[in-house]
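Dear colleague,

I am passing on the structure we spoke about, together with some notes on what turned up when I went through it. Please look through it alongside the text below.

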Amino acid sequence: MSIPKELRICGFAAVRARFQRDAKSIHRLYFDYPTGRKIGLMCKALAAARKIYRCVEAAELEKIAGTIHHGGIVAVTDANVPAPAAPADIAPWVRRREPLLVLDRVSNAHNLGAIARTAAFFGVPRIVIPDDPAAARPNDAAYRVAEGGLESIEVRLMPAGPSFLRDLAAAGYEVVGAATRGGGRAASPLRKDPAAPGSPPVALVMGNEEHGIAPELVAACSRLVTIPGGGGVESLNVSAAAAVLIWELLGQGTK
C-alpha cells in the first residue's frame with residue numbers, strides 16, 4: 001500500500017489541535033472567509049515562518065480538501081507513519097498502568113477516527129493497529145472525524161498475528177476481546193475500580209466491522225465481553241461499541 005506524503009487535516013477542532021501540538025508541522029493553511037475571522041493566531045504564526053496561508057472560495061477549498069466536509073479550513077502537513085510497537089515497549093506501559101486499545105483490522109477510516117476521538121476523550125493514551133493492508137491508517141478522513149483526538153493519542157503498529165496479544169498478557173495486561181455474542185458482561189455494579197492497586201491494566205481488542213476479531217486473536221485474549229442489547233439489531237457499529245467498552249473497561253481507570 002502506498003503511503004501519501006502529505007496529510008490534509010480538515011475542520012476547525014482538528015486543525016486547532018494540530019496547531020497547538022505542533023504548529024511547525026503545518027506547511028500550508030487554507031480557509032474560507034468565516035473561519036478566517038477565528039484563526040488570527042495561526043495566520044500570524046505561519047506568516048512568521050514564511051509559510052502559505054490563504055483565504056479561498058468554497059469551490060477551491062473543497063478541491064484542496066478532497067471533500068465537501070472540510071469544516072471551513074484545511075491544514076496540509078506531513079503524513080504520519082505509525083511506529084512499530086515492539087515487545088520492549090510493553091513493560092513501561094504496564095508499569096505506568098496505561099490502558100491500551102487494540103484494533104484488529106478495523107477497515108473504515110471514519111470508524112478509526114471516531115474510536116480515536118472517544119479514546120482521547122477518556123484519556124486512553126494509545127491505539128495499536130495491525131501492520132496489515134486491510135487495516136485503516138490515520139489518514140485525512142480519520143483525522144477529520146477524530147476532531148483533534150489523533151493529536152493526543154499515539155498510534156502504533158503491531159505485527160499481524162496473536163504474538164503481540166500474548167506478549168501483552170505475559171507482561172501483565174488483561175487482554176479483553178469484544179465479541180458480538182457469547183462473551184461475559186463488560187462490568188457489573190460490584191466490579192472493582194480498574195485504577196485500584198493490584199488491578200491489571202486492560203488491553204481492549206475490537207474487531208473488524210464485518211468479521212469481528214480473528215479466531216487466532218480470540219484465542220490469545222484473557223476473556224471476551226459482549227454488550228447486551230434488546231434484540232432489535234445484532235450488534236453496534238464498531239465505533240459505538242468501542243465507546244461503550246472504553247468507558248466500562250478503560251475510561252474509568254484513567255481519572
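**Helix α4, the cores and the largest pocket**

The buried residues of α4 pack against three strands, namely β1 (6–10), β2 (26–31) and β4 (73–78). Please keep in mind throughout that this is a predicted model. Helix α4 covers residues 58–65, and its buried residues are Leu61, Ile64 and Ala65; viewed down the helix axis, they fall within an arc of 95°, so they line one face of α4. On the face turned away from that buried side, α4 carries the exposed residues Ala59 and Lys63, and just after the helix Gly66 takes a positive phi of about 75°.

Turning to the interior, the largest nonpolar core has 48 residues, and those that touch the most other members are Leu29, Leu101, Leu103, Ile127, Met206 and Ile246. The most is given to this core by α10, with seven residues. Leaving aside residues up to four places away in sequence, Leu103 touches several residues, among them Leu112, Ile127, Met158 and Met206. There is also a second, separate core of 20 residues, which includes Tyr173, Ile213, Ala220 and Cys221.

The largest pocket holds about 630 Å³ of space and is lined by 28 residues, with Ala178, Ala179, Thr180, Ser235 and Leu236 nearest its centre. Two elements give two or more residues to this lining, β11 (223–225) and α10 (238–250), and the largest share, three residues, comes from α10. By class, the lining has 14 nonpolar, 10 polar and four charged residues.

With best wishes

How values were computed
Residues are numbered from 1 along each chain as its sequence is written. This is a predicted model: local features need pLDDT of at least 70, side-chain atom pairs count only at pLDDT 80 or more; totals for chains, interfaces and linings use all residues. Side-chain values use heavy atoms; hydrogens and water are left out. On a 1 Å grid over the protein atoms alone, a cavity is a set of points where a 1.4 Å probe fits but cannot get out, and a pocket is an open set with protein on both sides within 12 Å along at least five of seven lines; lining residues have an atom within 4 Å of a point. Grid points are joined across faces, edges and corners, and a volume is the space filled by probe spheres set on the points. Helices (H or I, at least four residues) and strands (E, at least two) are DSSP runs, numbered from the N terminus. Ala, Val, Leu, Ile, Met, Phe, Trp, Tyr, Cys and Pro count as nonpolar, Asp, Glu, Lys and Arg as charged, and the others, Gly among them, as polar. A nonpolar core is a set of buried Ala, Val, Leu, Ile, Met, Phe, Trp, Tyr and Cys residues joined through side-chain atoms within 4.5 Å. Buried means under 20% relative accessible area, exposed over 50%, partly exposed in between (1.4 Å probe, protein chains only). Contact means heavy atoms within 4.5 Å. The arc is that of the directions from the helix axis to the C-beta atoms.
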